[in-house]
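Welcome! Open the structure in your viewer and follow along, one selection at a time.

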Amino acid sequence: MTHYAMVIDLNTCVGCNACMAACAMENQTPIWDNKWRTYVHDKEIGTGEDIHRRFFPRLCNHCSNPACMSVCPSGATYQLENGIVQVDEDLCLGCRACALACPYDARYEVTYADVKQGRAFFGEEAYRRRRPSMDKCDFCADRVAVGQKPACVETCVGSARQFGDLDNPDDPVAKLVDSGMARPLLAYLGTQPNVYYIDDLKRRG
Amino acid sequence: MDVTTGFYTQDFWTWWLALYLYLGGLGAATLTTTFLTDMYMKPHPQLVLWGALSGIAMLSLGSAMLFFHLLDHMAVIHILNPMVLINQPNAWIAWGTQFIVWMMVWGFLYALPYMMDSEFFGRIPIVKNILAWRLVQKIGRTCGRHCRLCGWLATINGIGTVIYTGLLLQSFPAVALWHNPGVPLLFTVSAFSTAMAFLLLVLNLAIKNREEDRPLRLFYERTDLILIAVELVILFSFFFYLQRGSQSAAVSAQLLWNNWGWLIGFIGFGLLVPFFLELKGVIKGWNSPAPIMLASVLVLMGGYLLRHYFMYAGVYARPW
């Protein structure tokens with residue numbers, strides 16, 4: 001069985017935002033309204049001269065116990081056997097309960113206005129979305145299904161993002177997770193997230 | 001990674017949803033209280049008509065707040081189908097929608113025989129004609145024969161609706177203020193307290209202070225007094241729970257207990273003032289119904305403020 005996961009190395013993320021751009025074009029997100037499936041936070045940490053800039057990429061954590069899925073009243077949020085959590089835009093009411101349930105701020109709204117703007121921005125024929133709904137990262141499930149990596153992983157110049165199969169012990173991602181070097185966010189909430197981070201602050205002392 | 005933790009409130013659900021939770025709880029508790037009163041305390045057609053119709057109006061208005069807040073209004077059809085409970089048994093909105101719909105259906109059917117006997121409804125042109133239809137007459141007579149069944153089906157769905165308003169917020173795990181068993185309890189107590197207040201207003205203003213309703217009004221006053229006291233105890237527990245909990249809880253505590261609207265508006269005027277007004281009414285009595293009516297209005301205001309501030313004070317602690 002395949003169990004997809006992502007490891008993000010905060011030491012090598014240079015904050016170029018290429019992942020955001022690649023994701024936005026691949027998944028046609030409403031960037032005109034500053035809505036992204038993945039977002040890179042830019043923060044200064046430290047005091048005085050001992051200060052450094054941290055780039056923190058964020059996306060849906062494709063939790064094994066997804067709170068967004070259990071609160072979804074229509075079943076629009078569902079999970080594939082490979083662990084990817086997806087949204088069916090035809091079933092989604094847009095009640096936003098998933099957005100409140102998600103600890104990782106992974107959800108955003110696609111409104112009627114966004115759908116209209118999307119047709120103009122991406123082109124009438126190219127734009128795939130038909131209805132408003134809540135939206136989020138799906139690990140580029142269509143690309144993954146044909147053996148490609150998610151767009152953000154493919155484009156990452158610092159190789160900060162790695163994508164792999166946790167059930168394959170030879171996969172570099174599985175090795176990083178097994179070693180304990182890569183850790184999940186907010187694991188205590190019981191969501192069992194599948195995006196792991198390699199900390200940069202330890203190495204910086 | 002913890003040094004970068006940031007604290008955020010959400011803006012997905014604002015006063016629209018606070019109003020939805022408030023009207024859902026108030027409407028359902030009003031219907032439930034009215035029917036239980038009519039079935040087991042004192043048969044009271046006027047109270048049933050006022051309670052059932054205003055409760056249905058509140059539930060409809062509350063549901064409209066949720067409906068207009070949806071991103072895709074057409075997709076609401078997916079949760080109106082009762083089969084949704086089999087597909088999504090963990091989703092409280094699915095349960096809540098079914099509770100609200102069936103509460104309104106059984107609530108209306110319970111009130112229908114009273115409507116058919118009512119002089120007031122017999123004078124309203126279109127309603128008078130509809131009530132005279134043979135099918136409606138037949139349904140009304142059947143419901144009249146099985147009024148306890150209709151009443152209990154409405155009551156079960158009503159209690160479900162009231163508890164649901166708290167369970168919904170409880171189902172969001174990242175927010176300590178919401179994700180705890182105190183929330184359904186607090187919202188349930190608050191919903192029944194506001195329902196008592198609303199029915200006291202109905203008895204004093206609409207059904208006009210009839211002497212024969214005096215024991216009923218006193219019962220509602222006493223029950224409301226107890227419910228307000230319980231609400232204060234729950235809030236006292238929340239205060240200490242939030243002080244020494246997670247970071248999310250601590251920031252929620254700061255937001256709530258540094259806010260004058262919460263402190264003065266909700267706890268002061270929404271709970272303490274009506275508590276003492278009703279306490280004096282129960283112990284020594286008032287010469288006029290005005291203090292109890294004032295207390296009722298304040299309780300109704302406080303019920304909304306509770307949900308309003310709860311919605312805005314939910315804090316997410318995020319590691320970026």
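Start by selecting chain B and showing it as a cartoon: 14 helices and two strands make up its secondary structure. Keep in mind as you look around that this is a predicted model.

**The whole of chain B**

Stay with chain B and zoom out. Its C-alpha trace spans about 70 × 55 × 30 Å along the principal axes. Does its radius of gyration agree or disagree with that of a compact globule? It agrees: a compact globule of 320 residues would come out near 20 Å, and chain B has 21 Å.

**Inside and outside chain B**

Now turn on the surface. Chain B shows about 14,100 Å² of accessible surface, and 70% of that belongs to carbon and sulfur atoms. Of its 320 residues, 57% count as buried. Among the contacts in chain B with a separation of 6 or more, 79% are between residues 24 or more positions apart.

Next, color the charged side chains. You will find 18 positive and 13 negative ones in chain B, with the centres of the two sets 8 Å apart.

**A helix in chain A**

Move to chain A and select residues 172-179, which form helix α7. Which of its residues are buried? They include V173(A), A174(A), L176(A) and V177(A). Look down the axis of α7(A): the buried residues fall within an arc of 160°, so they line one face of the helix. In general, an α-helix has 3.6 residues a turn, so residues three or four places apart point the same way.

Finally, add the strands β1 (4-9), β8 (161-165), β9 (182-184) and β10 (195-198) of chain A, which are among the elements that cover the buried residues of α7(A).

How values were computed. Residues are numbered from 1 along each chain as its sequence is written. Chains are lettered from A and ligands numbered from 1 in the order in which they are written. This is a predicted model: local features need pLDDT of at least 70, side-chain atom pairs count only at pLDDT 80 or more; totals for chains, interfaces and linings use all residues. Side-chain values use heavy atoms; hydrogens and water are left out. Helices (H or I, at least four residues) and strands (E, at least two) are DSSP runs, numbered from the N terminus. The radius of gyration is taken over C-alpha atoms; the globule rule is 2.2 Å times the number of residues to the power 0.38. Buried means under 20% relative accessible area, exposed over 50%, partly exposed in between (1.4 Å probe, protein chains only). Contact means heavy atoms within 4.5 Å. Accessible areas come from the Shrake-Rupley method with a 1.4 Å probe; for residues, only the protein chains shown count as cover. Lys and Arg count as positive and Asp and Glu as negative; His and the chain ends are not counted. The place of a charge is taken as NZ of Lys, CZ of Arg, CG of Asp or CD of Glu. The arc is that of the directions from the helix axis to the C-beta atoms.
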